[in-house]
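Visitor: I would like to go through this model and hear the grounds for each label. Where should we begin?

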Amino acid sequence: MNTFVSTRPGSKDISWCPGCGNFAIRNMLMAVLADLGLDPANVALISGIGQAAKMPHYIQANGFHTLHGRAIPIATGVKIANPALTVIAEGGDGDMYAEGGNHFLHGLRRNADITLLVHNNQVYGLTKGQASPTTMIGMKTPAQPEGVFEEPLNPLALAIASNASFVARGYSGQADKTKAILRQAILHRGFSFIDIFQPCVSFNKVNTYDWYEENTYWMKDHDPTQRGAALQKALESFPFPLGIFYRYQKKTFEENIVAYQNDQTPLSQRRVKIEALSKYVNFLSYEKTA
């Protein structure tokens with residue numbers, strides 16, 4: 001079966017607000033997965049907490065809804081256990097850049113073959129509009145009534161500086177171009193990261209659909225193999241560039257694991273070698289008591 005549907009058996013109403021950019025991202029993801037001919041049984045969606053992180057509830061494929069900010073390490077573990085799976089970690093800017101900030105940094109440098117989608121609406125939508133790491137300076141929120149004064153995080157510059165192997169930014173209001181990026185990200189061998197601008201129609205009255213149309217542009221004649229130029233583009237703002245900033249091929253996390261160097265059988269499909277496991281446990285016990 002190569003059809004990705006938006007409901008799971010027994011699922012009920014979707015909790016996203018009408019007009020939320022999450023709908024467009026979900027539709028893009030389902031369309032690209034189907035276009036690639038992937039079987040839902042071979043796709044795993046891993047999320048943390050937040051409105052965006054409800055995505056596994058609304059696409060019928062393998063899904064795991066984990067703790068706030070923990071999608072990346074869980075996705076990495078899933079990929080290690082079964083490299084044959086297409087693994088996608090996704091969530092919002094608060095989930096991935098605040099609670100999950102440490103995991104984001106280490107996901108960039110580990111280069112597991114997973115795709116990370118961050119729905120960046122520049123606010124915490126689930127908890128009704130507090131500032132997130134990407135909220136702009138001066139924006140007033142229920143928790144920051146005098147206006148945000150902290151410098152917003154630049155996740156793209158951070159990723160490029162960390163030599164991440166695929167770095168891009170899309171926009172939920174422009175589906176065709178964003179789908180093209182998403183397709184390349186899933187096909188990329190290594191950690192592919194896409195920050196997707198996505199309006200929160202209920203709790204962010206600044207970064208609206210009109211605002212994103214007026215404050216973004218698609219890059220032309222940009223060479224994504226040039227890291228210095230990519231970093232320079234990532235530092236641009238007002239308007240913010242969209243497209244693939246940086247792409248670099250290197251060994252993945254799984255390819256560096258000893259267990260896969262002479263045997264490509266997924267760990268999840270191997271038989272447990274009781275004798276070897278016993279020796280290892282005994283060794284650890286000896287080390288602990290020595």
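Guide: We can begin with Asn120, which, leaving aside its neighbours within four places in sequence, is in contact with Asp93, Thr134, Asp195, Ile196, Phe197, Gln198 and Tyr212. Bear in mind throughout that the model is predicted.

Visitor: What makes Asp195 a contact of Asn120 that counts as polar?

Guide: The side chains of Asn120 and Asp195 come to 3.2 Å of each other. The cut-off for a polar contact is 3.5 Å between N or O atoms, with a donor on one side and an acceptor on the other. The pair therefore counts as a polar contact.

Visitor: Why is Asn120 called buried?

Guide: Its relative accessible area is 3%, and buried means under 20%. Asn120 therefore counts as buried. Asn120 belongs to strand β4, residues 115–120.

Visitor: How do you know that Thr141 is buried too, and where is it?

Guide: Thr141 sits in the loop between β4 and α5 (155–161). Its relative accessible area is 7%, to be set against the limit of 20%, so Thr141 is buried. Not counting residues within four places in sequence, Thr141 is in contact with Gly129, Gln130, Ala131 and Val148. Its side chain also makes a polar contact of 2.2 Å with the side chain of Gln144.

Visitor: Why is Val78 not called buried?

Guide: Val78 has a relative accessible area of 23%. Buried needs under 20% and exposed needs over 50%, so Val78 falls in between and is partly exposed. Val78 lies in helix α2 and touches Ala44, Ile46, Leu85 and Val87, residues up to four places away not being counted. By contrast with these contacts, the C-alpha atoms of Val78 and Ala161 are separated by 26 Å, with their positions 83 residues apart along the chain.

Visitor: What makes a group of residues a nonpolar core, and which residues in the largest one touch the most other members?

Guide: The members must be buried, be of the nonpolar kinds that count, and be joined through side-chain atoms within 4.5 Å. The largest core has 35 residues, and Phe4, Leu29, Leu33, Leu182 and Ile194 touch the most other members. Elements that give two or more residues to this core are α1 (21–35), β1 (43–47), β5 (166–171), α6 (175–187), β6 (192–197), α7 (209–214) and β8 (240–247). Of these, α1 gives the most, with six residues. Apart from this core lies another, of 29 residues, among them Ala44, Ala112, Ala164 and Ala234. In soluble globular proteins, nonpolar side chains tend to be buried together.

Visitor: Which residues is Ile194 in contact with, beyond its sequence neighbours?

Guide: Outside the four places on either side in sequence, Ile194 is in contact with Leu116, Leu117, Val118, Ala168, Arg169, Gly170, Ile181, Leu182 and Ala185.

Visitor: Why is Pro241 called buried?

Guide: Its relative accessible area is 0%, and the limit is 20%, so Pro241 is buried. Pro241 is in strand β8. Contacts beyond four places in sequence are Arg169, Tyr217, Met219, Lys233 and Glu236.

Visitor: What is unusual about the backbone at Phe238 and Asn111?

Guide: Most residues other than glycine have a negative phi, and most peptide bonds are trans. Phe238, in the loop between α8 and β8, has a positive phi near 50°. The peptide bond from Phe238 to Pro239 is cis, with omega near 15°. Asn111, in the loop between α4 and β4, has a positive phi of about 65°. At 1% relative accessibility, Asn111 is also buried.

Visitor: How many cavities are there, and what lines the largest?

Guide: There is one cavity of 30 Å³ or more. The largest holds about 30 Å³ of space, and its lining consists of Ile72, Pro73, Thr76, His103, His106, Gly107 and Arg110. Helices α2 (71–81) and α4 (101–110) give two or more residues to this lining, and α4 gives the most, with four.

Visitor: What makes the lining polar, nonpolar or charged?

Guide: By class it has two nonpolar, four polar and one charged residues. Gly is counted as polar and Arg as charged, so Gly107 falls among the polar residues and Arg110 is charged.

Definitions and conventions
Residues numbered from 1 in each chain as written. Predicted model: local features only at pLDDT ≥ 70, side-chain atom pairs only at ≥ 80, totals over all residues. Heavy atoms only, no water. Buried < 20%, exposed > 50% of the residue type's maximum accessible area, 1.4 Å probe, protein only. Contact = heavy atoms within 4.5 Å. 1 Å grid on protein atoms, 1.4 Å probe; cavity = no way out; pocket = protein on both sides within 12 Å on 5 of 7 lines; lining within 4 Å. Points joined across faces, edges and corners; volume = space filled by probe spheres on them.
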